[in-house]
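Got your viewer open and a hand on the selection tool? Let's take a walk through this one, stop by stop.

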Amino acid sequence: MTFYTDHYLANHQQLNSLINYAVILVLLVLLAFTLLYYFRHQLQTKYRDLGIIIFLLLLIFSGLQVTNLEKSQAQHAQATQMRPFIQAVARDHHLKPSQVVVNSTTLTDGIIVRFNKQDYRVNFSPSGDNYTLTRTRVVDHHVNIQD
């Protein structure tokens, strides 16, 4: 079972986005060199064909990056809802936010909160403005904490 800390929710970076940006940058440089060779040797169509292939790859990776950005924004919005909850649990139980971990990055009913080596199931009210913690037991005691 994986638990997430407040630090992880605040600073989680998307490695996929970084890789996509690097690929897009490399493809742009390759496209520029290909266009340069094509304009220098206009009678050779292999550079034009290579430029078209690189341009299509650039479009594909740009589309993937837009999709990743939308997903990243949604995850960031959900993580920003989770952080005040973790801080509220820590404040209510006289703990530091770093001592409270949760098993989800989204704020939903039924998540598990762990602090003081004990697990609690979270039940939210229908309006979502208050919560109750119920002591629970997890089946999988093998815990991975993402910090």
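Start by selecting β2 and β3: they run antiparallel and are joined by two bridges. Strands here (E, at least two residues) and helices (H or I, at least four) are DSSP runs, numbered from the N terminus, and two strands pair if DSSP finds at least two bridges between them. Click on valine 102 and you'll see valine 113 of β3 standing opposite.

A quick word on what you're looking at: this is a predicted model, where local features need pLDDT of at least 70 and side-chain atom pairs count only at pLDDT 80 or more, while totals for chains, interfaces and linings use all residues. Residues are numbered from 1 along each chain as its sequence is written, and side-chain values use heavy atoms, with hydrogens and water left out.

Stay on β3 and show its side chains. In a regular strand, side chains alternate between the two faces of the sheet. Here Ile112 and Arg114 point one way, Val113 and Phe115 point the other way, and all are buried. Buried means under 20% relative accessible area, exposed means over 50%, and partly exposed is in between (1.4 Å probe, protein chains only).

Next, add β4. Four bridges join β3 to β4, and the two run antiparallel. Try the partners: arginine 114 bridges to aspartate 119 in β4, and isoleucine 112 bridges to arginine 121.

Now zoom in on the turn of that hairpin, which has two residues between the strands. What is the phi of asparagine 116? It is near 50°, a positive value in a residue other than glycine. Asparagine 116 sits in the loop between β3 (112-115) and β4 (118-124), and with a relative accessible area of 51% it counts as exposed.

Carry on to β5 (residues 131-136), which pairs with β4 in the antiparallel sense over six bridges. Pick aspartate 119 again: its partner in β5 is threonine 136. The β4-β5 hairpin has six residues between its strands, and glycine 128 in the turn has a positive phi of about 80°.

Zoom out for the whole sheet. It is open, with six strands in the order β5-β4-β3-β2-β1-β6 and mixed pairing. β5 and β6 (144-146) stand at the edges with a single partner strand each, so one side of each has no neighbour in the sheet.

Now hop to histidine 94, in the loop between α3 (45-92) and β2 (101-102). Histidine 94 has a positive phi of about 55° although it is not a glycine, and it is exposed, at 73% relative accessible area.

Last stop: helix α2 (residues 15-40), home of tyrosine 37. Is tyrosine 37 buried or partly exposed? At 39% relative accessibility, tyrosine 37 is partly exposed. Select Leu25, Val29, Phe33 and Leu36 along with Tyr37, and you have a nonpolar surface patch with about 490 Å² of accessible area together. Patches are made of residues with over 30% relative accessible area and no salt bridge, with like charges joined within 9 Å and nonpolar side chains (Val, Leu, Ile, Met, Phe, Trp, Tyr) within 5 Å. A salt bridge is a side-chain nitrogen of Lys or Arg within 4 Å of a carboxyl oxygen of Asp or Glu. The areas come from the Shrake-Rupley method with a 1.4 Å probe, and for residues only the protein chains shown count as cover.
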